[in-house]
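Work through the exercises below with the model open in your viewer. Try each task before reading its solution.

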Amino acid sequence: MRNNRGLGLRLYVVTDASDDPVKPRPGTLRYGTSMIQGKVWITFARDMQIKLERPLLIGSYVTVDGRGVDVHIAGGAGFLLNQAHDVIIHGLQFHHIRAAAPGPVVGPGGKVTNMWGSDGDAIRLVSSSKIWIDHNTLYAGEDGLLDVTRGSNGITISNNWFHDHDKVMLLGHDDGFVEDRNMHVTVVFNRFGPNCNQRMPRIRHGYAHVANNLYDGWKHYAIGGSMNPRVKSEANFFIAPPNNNKAVTWRVSGGERWSWKSVNDIFVNGAFFGETDHKGLEPGYNLRQRFAVGKASSVRSLTKFAGALRCSLRSRC
């Protein structure tokens with residue numbers, strides 16, 4: 001993202017793993033996301049585990065970069081992007097995220113707001129755009145691992161590893177929130193599983209291009225939806241579980257028109273996609289957004305390094 005670099009960028013290093021949701025200390029992650037103005041690129045001085053007492057509010061033009069160290073967001077609340085844009089979240093491990101009670105939280109610009117309680121999402125996007133979630137590992141949360149809701153658009157979810165979880169990824173707030181019709185999400189080069197149940201992703205209203213992902217089994221389904229979602233599944237590798245549902249897709253019944261198609265996917269162990277409609281489902285990327293979709297036979301190698309990268313401080317991979 002070009003807007004996250006260049007003139008005015010400030011570099012901030014997290015040195016303190018503690019968290020105060022209202023008066024964060026210099027050196028903490030929350031201080032970097034709330035008290036540093038303008039563009040900020042946040043890195044970490046060492047391996048650490050951060051327990052967030054309440055959700056971490058992230059504003060626009062913020063990069064949280066965990067490369068080179070082993071950083072866990074665990075045992076507490078997760079990240080919340082509310083009306084944010086141009087944000088990168090890279091190289092972190094989110095696990096055992098828990099619900100948080102209502103209470104005051106400091107957000108971007110140092111403004112303290114009384115926040116509603118959180119359900120335990122690892123990363124939640126609300127009315128946000130131009131967001132890149134890349135090379136993170138997410139598992140074992142209380143609610144969803146990654147939710148894209150309330151009119152969020154222009155979201156890329158790439159190179160992540162999701163495992164050991166029930167409701168993995170939700171795209172679209174609820175059946176009644178029609179503004180999500182404009183939602184466009186790219187889900188690419190991710191690894192799902194083992195031990196994932198459903199929502200990889202589940203889509204309401206909007207559009208998802210799901211490409212070059214590895215699905216290592218599921219219990220209920222892999223890709224699901226309701227409220228006329230549009231889905232292009234392209235060159236994914238679906239491995240059906242040995243003793244559970246073989247259907248890749250799950251669709252809420254009720255007379256809806258399903259605009260879904262499977263293109264060049266590979267299906268193993270009896271996996272099957274189901275009924276498809278091939279009309280009007282191209283992603284519509286501009287020249288800067290386009291990327292080469294690999295063959296489904298190459299998905300294992302394409303997703304080999306999905307998740308948070310374990311690199312040295314020297315290499316800064």
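**Exercise 1. Decide whether Phe-267 is buried, partly exposed or exposed, then do likewise for its ring partner.**

Step 1. Set the classes. Buried means under 20% relative accessible area, exposed means over 50%, and partly exposed lies in between (1.4 Å probe, protein chains only).

Step 2. Place Phe-267. Its relative accessibility is 31%, so Phe-267 counts as partly exposed.

Step 3. Find the partner. Phe-238 and Phe-267 form a stacked aromatic pair, 5.5 Å centre to centre with 10° between the planes. Rings of Phe, Tyr and Trp (its six-membered ring) pair if their centres lie within 6.5 Å; planes under 30 degrees apart are stacked, over 60 edge-to-face, and the rest tilted.

Step 4. Classify the partner. Phe-238 has a relative accessible area of 0%, so this residue is buried.

A note on the source: this is a predicted model, in which local features need pLDDT of at least 70 and side-chain atom pairs count only at pLDDT 80 or more, while totals for chains, interfaces and linings use all residues. Residues are numbered from 1 along each chain as its sequence is written, and side-chain values use heavy atoms, with hydrogens and water left out.

**Exercise 2. Locate the strands that carry Phe-238 and Phe-267, and place them in their sheet.**

Step 1. Name the strands. Phe-238 lies in E28 (residues 237-239) and Phe-267 in E31 (residues 266-268), so the pair ties together parts 29 residues apart in sequence. Helices (H or I, at least four residues) and strands (E, at least two) are DSSP runs, numbered from the N terminus.

Step 2. Check the pairing. E28 and E31 run parallel and are joined by three bridges. Two strands pair if DSSP finds at least two bridges between them. Phe-238 stands opposite Phe-267.

Step 3. Read the sheet order. Nine strands make an open, parallel sheet: E3-E6-E9-E14-E17-E21-E25-E28-E31.

Step 4. Find the edges. E3 (48-50) and E31 each have a single partner strand, so one side of each lacks a neighbour in the sheet.

**Exercise 3. How many aromatic pairs does a search of the whole structure find? Follow one to its cluster.**

Step 1. Count. The search finds eleven aromatic pairs.

Step 2. Take one. Phe-162 and Phe-192 are stacked, at 5.2 Å centre to centre and 10° between the planes.

Step 3. Map the pair. Phe-162 sits in strand E17 (residues 161-163) and Phe-192 in strand E21 (residues 191-192), 30 residues apart. Phe-162 is buried at 0%. Phe-192 is buried at 0% as well.

Step 4. Widen the view. Ring pairs link Phe-162, Phe-192, Tyr-215, Trp-218, Phe-238 and Phe-267 into a cluster.

**Exercise 4. Which residues touch the most other members of the largest nonpolar core?**

Step 1. Define the core. It is a set of buried Ala, Val, Leu, Ile, Met, Phe, Trp, Tyr and Cys residues joined through side-chain atoms within 4.5 Å.

Step 2. Pick the hubs. Among 63 residues, Leu-29, Phe-44, Phe-79 and Ile-89 touch the most other members. Strand E2 (residues 40-44) gives the most to this core, with three residues.

Step 3. Note the other core. A second, separate core has five residues, including Leu-57, Leu-80, Val-105 and Val-126.

**Exercise 5. Describe the setting of Asp-65.**

Step 1. Place the residue. Asp-65 lies in strand E5 (residues 62-65). Its relative accessible area is 2%, so Asp-65 is buried.

Step 2. List its polar partners. The Asp-65 side chain makes polar contacts with the side chains of Trp-41 (3.1 Å) and Arg-67 (2.8 Å). Such a contact is a pair of N or O atoms within 3.5 Å; within protein, one must be able to donate a hydrogen and the other to accept it, and residues adjacent in sequence count only if both atoms are side-chain atoms.

Step 3. Add the remaining neighbours. Leaving aside residues within four places in sequence, Asp-65 is in contact (heavy atoms within 4.5 Å) with Trp-41, Ile-42, Thr-43, Phe-44 and His-90.

**Exercise 6. Inspect the hairpin of E10 and E11.**

Step 1. Count bridges. Four join E10 (residues 103-106) to E11 (residues 112-115), and the strands run antiparallel. Val-106 has Val-112 as its bridge partner.

Step 2. Check the turn. Five residues lie between the strands, and Gly-109 takes a positive phi near 80°.
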